[in-house]
Structure formats: structure tokens, C-alpha cells
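Welcome! Please take a moment to look over the sequence and the 3D view, and then read on for a short guided tour.

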Amino acid sequence: CFTQLVDSLGRTITQNDLVPAFISLLKDTEAEVRTAASSKVSGVCKLLQKETVIKDILPCVKDLATDESAPVRASLDVMGLAPLFGREGTNEYLLELFLQLLKDETPEVRLN
């Protein structure tokens, strides 16, 4: 599991080597790969510096929130990012995503 790999390798290696690989998974052409990766967003991000999450991961998360595949949108773990950002950061960076997902036409997306 990717999050176990992140946990065992630690912050430095994750920051330098695994972030680009994770971003590739989030942008993969196969919906199944994007679905699996999007469900691990908060687990990976908790070991990253906040600046890296904002600069590298958050743009991918925003793209995934509008992904054409409903399972990708449903598996997106945006709520898990809130503790990383705190109240002000959540309002600034995540609130728009929460609202967008709550308005999704697919019930599974709204429930998650």
C-alpha cells in the first residue's frame, strides 16, 4: 500500500522521490488508478510539508474533484485533508472543493 510505503520511508524520501510518483498516479489515464490514488491523498499528505501539499497535490485534487469518472470523485479523500490545514487553511483551500463535491450529481460522491 502506498501510504505504508510513505510511512516507512519517512518525510525526506517521500518529499523528494515519492511525490512525483504519487502525482503521476493521480493524473493516470486509467480511472481505476486515479480512484485508488485519490483514496490515499490524506494518508500521503500527512507526511508532506504543507507547502508541498498546496503547490503539488492540491491542484491534482482540484482536477480530480471534476473528474469525468464518478468513482474517482467518490473516492477523493478531501475531508482527510482538513486536519492538515486547520480552520483557516481549510476555509482558504478546501471549502470550495467540499461545496463542489456536495453539489455533485452522483449520490456516492455527495455521501463521501
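How far apart are the mean positions of the positive and negative charges of the protein? They are 5 Å apart, taken over 12 positive and 17 negative charges. Keep in mind as you read that this is a predicted model.

**Overall build**

- The protein has seven helices and zero strands, and reading along the sequence gives the pattern α-α-α-α-α-α-α.
- Its radius of gyration is 13 Å, close to the 13 Å that the globule rule gives for 112 residues, so the protein is as compact as a globular protein of that length.
- Along the principal axes, the C-alpha atoms fill a box of roughly 40 × 35 × 20 Å.
- Among contacts with a separation of 6 or more, 61% join residues that are 24 or more positions apart.

**Surface and interior**

- About 6,400 Å² of the protein is exposed, and carbon and sulfur atoms supply 52% of that area.
- Of the 112 residues, 43% are buried.

**The nonpolar core**

- The largest nonpolar core holds 27 residues. Those with the most contacts inside this core are Val-41, Ile-57, Val-61, Leu-76, Val-78 and Leu-94.
- Five helices each supply at least two residues of this core: α1 (2-26), α3 (41-45), α4 (50-64), α5 (70-75) and α6 (82-102).
- Helix α4 gives the largest share of the core, with six residues.

**Two core residues up close**

- Ile-57 is a good place to begin, as one of the core residues with the most contacts inside the core. Leaving aside neighbours within four places in sequence, Ile-57 is in contact with Val-19, Phe-22, Ile-23, Val-41, Cys-45, Leu-48 and Thr-52.
- Val-61 lies in helix α4. Is Val-61 buried or exposed? Val-61 has a relative accessibility of 1%, so this residue counts as buried, the cut-off being under 20%.
- With neighbours within four places in sequence again left out, Val-61 is in contact with Val-41, Leu-76, Val-78 and Leu-97.
- One of those partners, Leu-97, is 36 residues away from Val-61 in sequence, yet the two C-alpha atoms are 8.6 Å apart in space.

**Two residues of helix α1**

- Pro-20 is found in helix α1. Its relative accessibility is 45%, so Pro-20 counts as partly exposed.
- Pro-20 and Asp-56 are 36 residues apart in sequence, and their C-alpha atoms are 8.7 Å apart in space.
- Ala-21 is found in helix α1 too. With 34% relative accessibility, Ala-21 also counts as partly exposed.
- Between the C-alpha atoms of Ala-21 and Lys-46 there are 16 Å, and the two residues are 25 residues apart along the chain.

**A loop residue**

- Where is the place of Asp-67? You will find Asp-67 in the loop between α4 and α5.
- Asp-67 has a relative accessible area of 11%, so this residue is buried, since buried means under 20%.
- Not counting residues up to four places away in sequence, Asp-67 touches Arg-34, Val-72 and Arg-73.

Technical notes:
Residues are numbered from 1 along each chain as its sequence is written. This is a predicted model: local features need pLDDT of at least 70, side-chain atom pairs count only at pLDDT 80 or more; totals for chains, interfaces and linings use all residues. Side-chain values use heavy atoms; hydrogens and water are left out. Helices (H or I, at least four residues) and strands (E, at least two) are DSSP runs, numbered from the N terminus. The radius of gyration is taken over C-alpha atoms; the globule rule is 2.2 Å times the number of residues to the power 0.38. Buried means under 20% relative accessible area, exposed over 50%, partly exposed in between (1.4 Å probe, protein chains only). Contact means heavy atoms within 4.5 Å. Accessible areas come from the Shrake-Rupley method with a 1.4 Å probe; for residues, only the protein chains shown count as cover. Lys and Arg count as positive and Asp and Glu as negative; His and the chain ends are not counted. The place of a charge is taken as NZ of Lys, CZ of Arg, CG of Asp or CD of Glu. A nonpolar core is a set of buried Ala, Val, Leu, Ile, Met, Phe, Trp, Tyr and Cys residues joined through side-chain atoms within 4.5 Å.
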